[in-house]
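Biologist: I'm new to this structure and would love a close look at a single part of it. Could you pick one strand and walk me through its surroundings?

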Amino acid sequence: QKTRSADKHLWALEPGLTVEELFQSGGNSLVPLEAKVQTLWGKVHHIFFTGVDPRGCRSQSGAWQVYGDKTGWDLKGIIGAAGSNDELGDHILGKAFDTLVELSEKFAQGVGADLIRVDFFLGFP
């Protein structure tokens, strides 16, 4: 297949095959909870969450979204001060958000992508 300039960010990857085991978020989750991180020019613009959390709560696209500055909404409504939001949303903001941002930005900058989505499956003890 002829290479396209639009696929330039893929040229940095080694050809191969990735096989992943079936991931479970834990608890009552039947479908993994996934953080889909949108980066623009190497910086996180927003993250939206889809799937089922450990409580069994389903999040459809657009139901739970957090911007790079930690504003947005979770399954309880508009994000406010810690402790006033959805319990799991506060947990992710406090324990995982900064790591999601760091890894997404590192990946986006590493492949030189102007716009890319980096997906993470989230697990909970």
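Modeller: Happy to! Let's start at F48, which stands opposite Q65 in strand 4. Please keep in mind that this is a predicted model. F48 belongs to strand 2 and also has K36 opposite it, so let's make strand 2 our subject.

Strand 2 covers residues 43–52, and eight of its ten residues are buried. That makes the strand mostly covered. As general background, side chains in a regular strand alternate between the two faces of the sheet.

Now for the partners of strand 2. Strand 1, residues 33–40, pairs with strand 2 in the antiparallel sense, over seven bridges. These two strands form a hairpin with two residues between them. In that turn sits W41, with a positive phi of about 50°.

Strand 4, residues 65–67, is another antiparallel partner of strand 2, this time over three bridges. The pair we began with, F48 and Q65, belongs here.

Then there is strand 3, residues 58–59, which runs antiparallel to strand 2 and is joined to it by two bridges. Here V52 has R58 as its bridge partner. Strand 2 and strand 3 also make a hairpin, with five residues between the strands. Within this hairpin, G56 takes a positive phi near 95°.

To put the picture together: strand 2 pairs with strand 1 over seven bridges, with strand 4 over three and with strand 3 over two.

How values were computed
Residues numbered from 1 in each chain as written. Predicted model: local features only at pLDDT ≥ 70, side-chain atom pairs only at ≥ 80, totals over all residues. Heavy atoms only, no water. Buried < 20%, exposed > 50% of the residue type's maximum accessible area, 1.4 Å probe, protein only. Helix = DSSP H or I, 4+ residues; strand = E, 2+ residues; numbered from the N terminus. Pairing = 2+ DSSP bridges.
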